[in-house]
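Trainee: Could we go through some of the labels used for this protein, so that I can see what stands behind each of them?

Mentor: Gladly; have the chain in front of you and ask about one label at a time.

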Amino acid sequence: MDLGLTGKVALVTGASAGIGFAVAERLAEEGCRLIICGRNGEQLEKASQSLLNFNVEVIPVIADVQNESDSQKLVEISLSKLGRIDILINNSEGASFSGESIEDISDAEWRGVFEGKLMGYIRMTNLVLPRMKNQQWGRIINIIGTSGKEPSPRLVKSGVVNAALMNFTKSVARQTASSNVLINSINPGIIDTPRHREYLKIYAQKEGTTQDFIREGIIKTIPMNRIGSSEELANLVVFLASECASYITGITIPVDGGLSSSAF
C-alpha cells in the first residue's frame with residue numbers, strides 16, 4: 001500500500017532511541033526525508049547511520065526541545081537543510097518517576113514539569129504551524145502517555161502534563177483543520193523501551209524486589225498479557241501521518257494492549 005509519504009519531510013524529536021527511533025525507521029521505510037534530534041550526540045549519530053540504510057536523507061541535530069533556543073535552532077536547521085517540514089512527531093521524555101506524595105512535590109518541580117514536556121510540545125507545534133498552514137498540508141503527532149487519562153499515583157506529574165497535552169491536541173486540531181493540518185496524539189501504554197527498563201529498575205529498588213517480579217506483575221494487568229514494542233506504536237504513527245488518515249484529526253489513540261479499555 002502506498003501511504004503517500006515518499007519525499008515528505010519529517011521532523012522526529014527524541015529519535016536517538018526507543019519509540020522515537022522506531023518511528024524514524026518506519027518513516028524512512030516509507031521514503032520520508034528525516035530530521036532527527038536528541039540530546040546524546042553519540043546515540044544520535046548511531047541512529048542516523050542506521051537510518052541511512054533506507055537510502056533517504058537524514059539530518060541529525062543535537063537539541064533539547066524542552067529548551068526554547070534549541071527548539072528554534074532545530075526548526076531553522078530543518079528548513080535550511082530540507083526546505084520544509086511536512087510532519088512533526090513530538091516525542092519527548094516526560095516527568096521523572098514520582099513515587100512521592102502530592103504534598104511533597106514542590107512548586108519548583110511543578111514549574112519544571114510544565115516548562116519541560118508540555119511547553120516543549122506547544123513550542124514545537126507553534127514553530128512549524130505557519131509553514132504547514134501556508135503549504136496547506138501538515139501532520140503533527142504527539143506521543144503522550146496513558147497517565148493523562150488513567151491517572152497513576154506513581155506518575156502524578158506526568159498525568160497532569162499528559163492530560164493537558166490531550167486537551168491541547170484536540171483544541172489546536174480544531175483551529176488547524178481547515179488548513180489541512182491534522183493533529184492527533186497517541187497514548188503509549190507499557191512499551192519495551194530503554195526508559196521503561198529504567199523504570200523497572202527504580203520500581204524494583206523501591207519495592208525491594210527484582211525487576212522480573214515487577215515486570216510479571218505489570219504484564220498481569222494487561223489484557224493482551226504482554227508488553228508492547230516500539231515498532232507497534234510506530235506503525236500507528238506512520239498511518240496517522242499518511243494520506244490514509246486524511247479525515248482524522250483531534251483524537252487520542254491508546255496503544256496499550258487493551259489496558260485502558262479495561263479500566264473503570
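Trainee: What makes R26 count as buried or exposed?

Mentor: Bearing in mind that this is a predicted model, R26 has a relative accessible area of 17%, and because buried means under 20%, R26 is called buried.

Trainee: Why is E29 called partly exposed?

Mentor: E29 has a relative accessibility of 47%, and since the partly exposed class lies between 20% and 50%, E29 counts as partly exposed.

Trainee: How do you know that R26 and E29 form a salt bridge?

Mentor: Their side chains meet with N and O 2.8 Å apart, and the cut-off asks for a nitrogen of Lys or Arg within 4 Å of a carboxyl oxygen of Asp or Glu, so the pair R26 and E29 qualifies as a salt bridge. The two residues are three apart in helix α1, and therefore about one helical turn separates them. R26 and E29 also belong to a network of salt bridges that includes E30.

Trainee: What makes E198 and K201 a salt bridge, and where do they lie?

Mentor: The N to O distance for E198 and K201 is 3.9 Å, which is within the 4 Å limit, so the pair counts. Both residues lie in helix α6, three residues apart.

Trainee: How is D86 classed, and with which residue does D86 form a salt bridge?

Mentor: D86, at 1% relative accessibility, counts as buried, and its salt-bridge partner is R84, with the closest N and O atoms 2.8 Å apart. R84, at 33%, is partly exposed.

Definitions and conventions: Residues are numbered from 1 along each chain as its sequence is written. This is a predicted model: local features need pLDDT of at least 70, side-chain atom pairs count only at pLDDT 80 or more; totals for chains, interfaces and linings use all residues. Side-chain values use heavy atoms; hydrogens and water are left out. Helices (H or I, at least four residues) and strands (E, at least two) are DSSP runs, numbered from the N terminus. Buried means under 20% relative accessible area, exposed over 50%, partly exposed in between (1.4 Å probe, protein chains only).
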